[in-house]
Amino acid sequence: MGTEKSTLAIEIGRRIAERRKQLGLTQAQAAEKAGLTQQFFASVETGAKNIRAESIIKVSRALNISADFLLTGIVTDLDRHQVMKMLEPLNERQFLEIQNIIRDILKFGGCPPEI
């Protein structure tokens, strides 16, 4: 059981670190946005510390990602909606370019494009 917990803590920490880096934030910047300490982020991202419910909510809000994804790694409708919102300000040319990039990524990943 102890190994399960540490494996889960490591996976959650990895997802937090990946998302933080995706957003171009340092641990200190992410910690400030979440109202937590940089030391907290460092220990959670390495899996050295388990994250409590209150903190997972703060982190998910600060990193603009669902708590479900941080906890399970499963993409939710909320996560998909956030991506869709990112596309809203694009003009037609930009949108088509993004669409082609997504098709290429799907093709490269072995997934047939759905569009």
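Reader: Which residue follows α3, and what is the sign of its phi?

Author: G47 comes after α3, and its phi is positive, near 80°. The model is a predicted one.

Reader: Which residues of helix α3 are called buried?

Author: In α3, which covers residues 38–45, they are F40, F41, S43, V44 and E45. The label requires a relative accessible area under 20%. For E45 the value is 11%, which is under that limit, so E45 counts as buried.

Reader: What makes F40 and F41 an aromatic pair, and of which kind?

Author: The ring rule yields 1 aromatic pair in this model. The ring centres of F40 and F41 are 6.1 Å apart, and a pair needs centres within 6.5 Å, so the distance condition is met. Their planes stand at 80°, and an angle over 60 degrees is edge-to-face, so that is the name the pair gets. F40 and F41 are both buried.

Reader: What does F40 contact beyond its neighbours in sequence?

Author: With residues within four places left aside, F40 is in contact with K49, I51, S55 and V59.

Reader: Which members of the largest nonpolar core touch the most others?

Author: That core has 18 residues, and those touching the most other members are I16, F40, F41, I51, V59 and L63. At least two core residues come from each of α1 (2–22), α2 (27–34), α3, α4 (53–62) and α5 (67–72).

Reader: Where is G35, and is it buried or exposed?

Author: G35 sits in the loop between α2 and α3. Its relative accessibility is 56%, and exposed means over 50%, so G35 is exposed. Its C-alpha atom is 8.6 Å from that of V59, although the two residues are 24 apart along the chain.

Reader: Why is the contact between R20 and E45 called a salt bridge?

Author: The N to O distance between their side chains is 2.6 Å, and the limit is 4 Å, so the pair qualifies. R20 belongs to helix α1 and E45 to helix α3, so the bridge ties together parts 25 residues apart in sequence.

Reader: What puts R20 among the buried residues?

Author: R20 has a relative accessible area of 7%, and the cut-off is under 20%, so R20 is buried.

Reader: What about E18 and R14: why do they count as a salt bridge?

Author: Their closest N and O atoms are 2.9 Å apart, within the 4 Å limit, so E18 and R14 form a salt bridge. The two residues are 4 apart in helix α1, which means that about one helical turn separates them. An α-helix has 3.6 residues a turn, so residues three or four places apart point the same way.

Reader: Are E18 and R14 buried or exposed?

Author: Neither label applies, because the values are 44% for E18 and 35% for R14, and both fall between the 20% and 50% limits. E18 is therefore partly exposed, and R14 is partly exposed as well.

Reader: Which residues are linked with E18 in a network of salt bridges?

Author: The network links E11, R14, R15 and E18.

Reader: What makes R52 and E54 a salt bridge?

Author: Their side chains meet at 3.2 Å, N to O, and this is within 4 Å, so the rule is satisfied. R52 has 58% relative accessibility, which is over 50%, so R52 is exposed. E54 has 45%, so E54 is partly exposed. Across the whole structure there are 7 salt bridges.

Reader: Which residues make the nonpolar surface patch?

Author: I98, I101, I102 and I105 make a patch of about 340 Å². I101 lies in helix α7, residues 92–108. A patch residue needs over 30% relative accessible area, and I101 has 46%, so I101 passes; the same value makes I101 partly exposed.

Reader: How many helices and strands does the protein have?

Author: There are 7 helices and 0 strands, in the order α-α-α-α-α-α-α. Its C-alpha atoms fill a box of roughly 45 × 30 × 20 Å along the principal axes.

Reader: How much of the protein is buried, and how much area does it expose?

Author: Of the 115 residues, 31% are buried. The protein exposes about 8,200 Å², with 59% of that supplied by carbon and sulfur atoms. Among contacts between residues at least 6 apart in sequence, 45% join residues at least 24 apart.

Terms used:
Residues are numbered from 1 along each chain as its sequence is written. This is a predicted model: local features need pLDDT of at least 70, side-chain atom pairs count only at pLDDT 80 or more; totals for chains, interfaces and linings use all residues. Side-chain values use heavy atoms; hydrogens and water are left out. Buried means under 20% relative accessible area, exposed over 50%, partly exposed in between (1.4 Å probe, protein chains only). A nonpolar core is a set of buried Ala, Val, Leu, Ile, Met, Phe, Trp, Tyr and Cys residues joined through side-chain atoms within 4.5 Å. Contact means heavy atoms within 4.5 Å. Patches are made of residues with over 30% relative accessible area and no salt bridge: like charges are joined within 9 Å, nonpolar side chains (Val, Leu, Ile, Met, Phe, Trp, Tyr) within 5 Å. Accessible areas come from the Shrake-Rupley method with a 1.4 Å probe; for residues, only the protein chains shown count as cover. Rings of Phe, Tyr and Trp (its six-membered ring) pair if their centres lie within 6.5 Å; planes under 30 degrees apart count as stacked, over 60 as edge-to-face and the rest as tilted.
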